[in-house]
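Let's take a walk through this fold, sheet by sheet, and then drop in on the ligand. Keep the structure open beside you as you read.

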Amino acid sequence: MTKVYGVGIMGAGNISSAYLKLAPLFKNMQVRAIADLNGEAATSRAKEYGVGAQTPEAMLKNSEIDVIVNLTIPSAHFAVTKDILSAGKHAYSEKPFVLSVEEGLQIKAMAEQRGLKVGSAPDTFLGGSHQQARSIIDSGKIGRIASGTMHIMGRGMEHWHPNPEFFYQPGGGPMLDMGPYYITDLIHLVGPIRRVTALTGKAKEERLVTADGPNKGTSVKVNTPTTIHAVLECTNGALVTLGASWDVSSHGHHNIELYGTDGTLYVPNPNFFNGELVVTDTIGTKSTIEAWDHPFGIANEDLDKPIPRANYRNAGLSDMLDTIGTSRKPRCDLDLALHAVDVMLSILKSGEIGEAVSIQTTCERPDAFTPEQARALLR
Ligand SMILES: NC(=O)c1ccc[n+]([C@@H]2O[C@H](COP(=O)([O-])OP(=O)(O)OC[C@H]3O[C@@H](n4cnc5c(N)ncnc54)[C@H](O)[C@@H]3O)[C@@H](O)[C@H]2O)c1
């Protein structure tokens, strides 16, 4: 019999609906309550999904809850994750996990002392396409990955998010907001990173909110770089350029391209669980790879749109819960999240000081996630 863990959700904002909607897919968890500093937000989300609404303090004391998912804003992640561990519960955070390496190390020490698990999004690298990319790389088909490019570019967040202020503060920006998807997938596919160098800037000092809602027509001050160009040196020697910007209306770059000694792999957008994979041979002949039969690659959203999407958020949480009481590391574990944060903060630091920065932390590549292992988590 699969043990079912009681889940509490802290933060009833935008992304909480994805977690609430998708949680029932996973057999080892049940969402039992949602809390928010803003009681009304918690109550209305709770009603929508038929779960209990509580104050944050009451949820931390709720004995029916084993793990709390931290869906608060980035500047609150550290304090909230600490509160969760202090309450004796396992913690799973949205990205970015923390905003400094010191904070991450404090959380690691607290978790180890208390024997609690800590994990963090993103879990999109557990998606069918990214796992298939991993299996292609691990098979040796394109040889050793020697270099690559990653592009995260767009026009920002103020045209769709009703409350976009946090995106333009330290802890946000394209590096810390979107970067986790790319850096985590890179670590998963190629391995950890030992050194980075970057130049950073911003096109605008203020951004006008055009998304519908109470903030429409107001301006947000930009207090973090919105254009970043970096080079990352992986510990296997691969050199990967990264362009991350919210100052770009259109561009022609692919999300991730990995150049192996025997071919190239075009990896789809790591913000999504699925997408098209293309591989080339040594002379550059391209072939589209037929998607393998992986449960986290099956489209379940936007089915009427040109690109239907697979969304299995909670996969990383479910995998973490599966490791409780065992010595297995969660795939979305603290060391991976902390290394990704270290890499992103070091890129920003390099932009500030104009010098290459060596990365202090490291981690193992997370275990591959086979279709059978993924299927075992689903109802
Ligand atoms: N919106 C998305 O599509 C999306 C996607 C992936 C990841 N994320 C990540 O999820 C997190 C939340 O994003 P969002 O878009 O839902 O933000 P949001 O601003 O819509 O919601 C955040 C909620 O957290 C609450 N909150 C803040 N501090 C709190 C605290 N100390 N205790 C309890 N509640 C607190 C706020 O009142 C708010 O309701 C961010 O880290 C973001 O990077 C968002």
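Two strands count as paired if DSSP finds at least two bridges between them. Helices (H or I, at least four residues) and strands (E, at least two) are DSSP runs, numbered from the N terminus. Residue numbers start from 1 along each chain as its sequence is written. What you have here is a predicted model, where local features need pLDDT of at least 70, side-chain atom pairs count only at pLDDT 80 or more, and totals for chains, interfaces and linings use all residues, while side-chain values use heavy atoms, with hydrogens and water left out.

**The parallel sheet**

Start with the open sheet of 6 strands, which pair in parallel and follow the order E3-E2-E1-E4-E5-E6. Strand E3 (52-54) and E6 sit at the edges with a single partner strand each, so one side of each has no neighbour in the sheet. On average, neighbouring strands of this sheet are turned by 25 degrees against each other, ignoring direction. Zoom in on E5 and E6: they run parallel and are joined by 3 bridges, with serine 93 opposite serine 120 in E6.

Helix H9 packs on this sheet, touching strand E1 (5-10), strand E2 (29-35), strand E4 (67-70), E5 and E6. Touching, or contact, means heavy atoms within 4.5 Å. The direction of H9 makes about 160 degrees with that of E5. For such angles, axes are lines fitted to C-alpha atoms, for helices over the stretch in contact, and the angles run from 0 to 180 degrees between N-to-C directions.

**The mixed sheet**

Now for the other open sheet: 9 strands, ordered E16-E15-E14-E13-E7-E12-E11-E8-E17, with mixed pairing. Strand E16 (286-288) and strand E17 (357-358) are the edge strands, each with a single partner strand, so one side of each is left without a neighbour in the sheet.

Here are some of the strand pairs, with one pair of facing residues for each.

| Strands | Sense | Bridges | Facing residues |
|---|---|---|---|
| E13 and E14 | antiparallel | 5 bridges | glycine 260 and glycine 263 |
| E8 and E11 | antiparallel | 8 bridges | arginine 195 and glutamate 233 |
| E8 and E17 | antiparallel | 2 bridges | arginine 195 and serine 358 |
| E7 and E13 | antiparallel | 5 bridges | threonine 149 and glutamate 257 |
| E7 and E12 | parallel | 7 bridges | methionine 153 and serine 245 |

Arginine 195 is worth a click: its bridge partner in E11 is glutamate 233, and arginine 195 also stands opposite serine 358 in E17.

Which strands does helix H8 (residues 179-189) lie across? They are strand E7 (145-153), strand E8 (193-201), strand E11 (227-234), strand E12 (239-245), E13 and E14, and H8 runs at about 165 degrees to E7. Helix H10 (residues 334-353) lies across E8, E11, E12 and E17, at about 45 degrees to E8.

**Around the ligand**

The ligand is surrounded by 22 residues, and the closest are Asn14, Ile15, Asp36, Lys95 and His161. To be counted, a residue needs a heavy atom within 4 Å of the molecule. By class, this shell holds 11 nonpolar, 6 polar and 5 charged residues. Ala, Val, Leu, Ile, Met, Phe, Trp, Tyr, Cys and Pro count as nonpolar, Asp, Glu, Lys and Arg as charged, and the others, Gly among them, as polar. Helix H4 (residues 74-86) gives the most to the shell, with 4 residues.

Polar contacts here are pairs of N or O atoms within 3.5 Å. A backbone N or O atom of asparagine 14 lies 2.9 Å from an oxygen atom of the ligand, and a backbone N or O atom of isoleucine 15 also lies 2.9 Å from a ligand oxygen. Histidine 161 uses its side chain instead, with an N or O atom 3.0 Å from an oxygen atom of the ligand. Taken alone the ligand exposes 830 Å², and the protein buries 84% of that; these accessible areas come from the Shrake-Rupley method with a 1.4 Å probe.

**Backbone oddities**

Most residues other than glycine have a negative phi, and most peptide bonds are trans. Lysine 95 and proline 96 are joined by a cis peptide bond, with omega about -10 degrees. Proline 96 lies in the loop between strand E5 (90-93) and helix H5 (101-114). Another cis bond runs from alanine 121 to proline 122, with omega near 5 degrees, and proline 122 is in the loop between strand E6 (118-120) and helix H6 (128-139). Finally, aspartate 302 has a positive phi, near 55 degrees, and lies in the loop between E16 and helix H9 (315-322).

How values were computed
A polar contact is a pair of N or O atoms within 3.5 Å; within protein, one must be able to donate a hydrogen and the other to accept it, and residues adjacent in sequence count only if both atoms are side-chain atoms.
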